[in-house]
Amino acid sequence: ADTAELVGQKLNEGKTKQIFELLDQPGLVLVQSKDQITAGNAVRKDQMEGKAAIANKTTSCVFQLLQESGIKTAFVKQHSDTAFIAAHCEMIPIEWVCRRVATGSFLKRNPGVKEGYRFSPLKMEMFFKDDANNDPQWSEEQLLEAKFCLAGLTIGQCEVDIMNRSTVAIFEILEKAWATQNCTLVDMKIEFGVNVKTQEIVLADVIDNDSWRLWPAGDRSQQKDKQVYRDLKEVTPEAMQMVKRNFEWVSERVKLLLKPQASSRVVVLMGSTSDMAHCEKIRKACTSYGIPCVLRVTSAHKGPDETLRIKAEYEGDGIPTVFVAVAGRSNGLGPVMSGNTAYPVINCPPLTPDWGSQDVWSSLRMPSGLGCSTILSPEASAQFAAQIFGLSDHLVWCKLRASMLNTWVSLKLADKKLQACSL
């Protein structure tokens, strides 16, 4: 309330929220939720006390998860119980719908497909935001022909491809996160905007309990999303209480998506401190995936007893660990560790130009019974450790998934820029 005087004019109002400019923060807006719930293009419309706070809590958690994973979004921070601050965007008037399980309108539009049909890869659909015509489904061709221009950016093939790819990645990240709560993310809709300052396409609008179908244990009869409200025969106070309880359940659960499911640790063993710069690169990359990384000095050639003692120390506390062995010249460290632990061991030898081609064989040619891998790039060895932990920790997996998307997008933009220069 203390910043009330800094809220400027209303820029926009939808069925469930209002957008205000922030006078003291140009380029940012306030997204204020309303206590209103609607269905079927507002044919059904009710006040639901407390809905604004529930929706705001849900969307703020979802955006925080996506942002921490590395997805570019308009979200900046939660401002109050019922509002959040976001980058000012010009919205692209398309709802991007992503489906894992066939249900709802898809079945009506595709008779013969049974409910529960699983899409692998995910099924993407687009709907043009046009209330008068009930948000018609659009093809990619229609979107390209519309030649939308927002915040100075024309929506062409490159932009459409980026939004398509991003929708899939965002869905997969949220699907992975909800799976930790034994919930199936069935389908969801999202919207993108063009950041007026950077001209970047970012995930915008909100993602709350109106945006998806969520089935605990994959069971439709337990659905927790807005479909419950859409399906009501008649809107009674009791029915609205049930709808509200479902929305509250989701807003409580969504906070758990930000918590790691498993602990993890990378222990880098180096033969001598002369390998320090190489090891620091591994540690830095581990940190970017949110994985704690410990550096130790030990030589399997000169002090095998000490190497095995250090190994026992990290095996003894029950924290899942990946060992990375950094040894120049003859690598005894990785093979000795690998032959004596059931934990994964990665060789990451710091090769020098003069003898590197000979030295690498001590990491590649192993006695039988050793399952140690060799990865020459320090960043890639950290990435491989992250992929191992990503199997059990969704937060690590989500960072890997977002990083794949961002790499793909930057290649796409580089190609677009190059074509513009060559024309």
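The protein exposes about 20,400 Å², and carbon and sulfur atoms supply 53% of this area. Accessible areas were computed by the Shrake-Rupley method with a 1.4 Å probe, and for residues only the protein chains shown count as cover. The model is predicted: local features need pLDDT of at least 70, side-chain atom pairs count only at pLDDT 80 or more, and totals for chains, interfaces and linings use all residues. Residues are numbered from 1 along each chain as its sequence is written, and side-chain values use heavy atoms, without hydrogens and water.

Of the 423 residues of the protein, 49% count as buried. Here buried means under 20% relative accessible area, exposed means over 50%, and partly exposed lies in between (1.4 Å probe, protein chains only). The C-alpha atoms fill a box of roughly 75 × 60 × 55 Å, taken along the principal axes. The secondary structure comes to 13 helices and 21 strands. These are DSSP runs numbered from the N terminus, with helices (H or I) of at least four residues and strands (E) of at least two. Among contacts with a separation of 6 or more, 64% join residues 24 or more positions apart. A contact means heavy atoms within 4.5 Å.

The domain assignment gives domain 1 (36-257) and domain 2 (265-392). Such bounds come from an automatic or database domain assignment. The C-alpha centres of domain 1 and domain 2 lie 43 Å apart.

The largest nonpolar core has 70 residues. A core of this kind is a set of buried Ala, Val, Leu, Ile, Met, Phe, Trp, Tyr and Cys residues joined through side-chain atoms within 4.5 Å. Leu66, Trp96, Ile170, Leu174, Phe192, Ile207 and Trp212 touch the most other members. Helix 4 (residues 157-179) gives the most to this core, with 12 residues. Beyond its neighbours within four places in sequence, isoleucine 170 is in contact with Leu66, Ile71, Ile190, Phe192, Leu203 and Ile207. Another core lies apart from this one. That second core has 23 residues, among them Ala285, Ile291, Val326 and Ala385.

Arginine 213 lies in strand 16 (residues 212-216). Arginine 213 counts as buried because its relative accessibility is 13%. Its side chain is joined to that of aspartate 187 by a polar contact of 2.7 Å. A polar contact is a pair of N or O atoms within 3.5 Å; within protein, one must be able to donate a hydrogen and the other to accept it, and residues adjacent in sequence count only if both atoms are side-chain atoms. Leaving aside neighbours within four places in sequence, the contacts of arginine 213 include Arg99, Thr103, Gly104, Asp225 and Gln227.

Threonine 38 lies in strand 4 (residues 36-39). Its relative accessible area is 5%, so threonine 38 is buried. Threonine 38 and aspartate 210 are 172 residues apart in sequence, yet 9.2 Å apart in space, C-alpha to C-alpha. Outside its neighbours within four places in sequence, threonine 38 is in contact with Lys15, Arg44, Lys45, Lys226 and Tyr229.

A search of the whole structure finds 11 aromatic pairs. Rings of Phe, Tyr and Trp (its six-membered ring) pair if their centres lie within 6.5 Å; planes under 30 degrees apart count as stacked, over 60 as edge-to-face and the rest as tilted. Phenylalanine 75 and phenylalanine 84 form a tilted pair, 5.4 Å centre to centre with 40 degrees between the planes. Both residues are buried. Phe63, Phe75 and Phe84 form one aromatic cluster. The pair of phenylalanine 323 and tyrosine 343 is also tilted, with ring centres 6.3 Å apart and planes at 50 degrees. Phenylalanine 323 lies in strand 19 (residues 321-326) and tyrosine 343 in the loop between helix 9 (333-340) and strand 20 (345-347), so the pair ties together parts that are 20 residues apart in sequence. Phenylalanine 323 counts as buried at 1% relative accessibility, whereas tyrosine 343 is partly exposed at 24%.

Most residues other than glycine have a negative phi, and most peptide bonds are trans. The peptide bond from serine 120 to proline 121 is cis, with omega near 5 degrees. Proline 121 is found in strand 10 (residues 118-128). Alanine 151 has a positive phi, near 50 degrees. Alanine 151 lies in the loop between strand 12 (149-150) and strand 13 (153-154), and counts as buried at 17% relative accessibility. Phi of asparagine 182 is likewise positive, near 55 degrees. Asparagine 182 sits in the loop between helix 4 and strand 14 (183-195), and is exposed with a relative accessible area of 53%.
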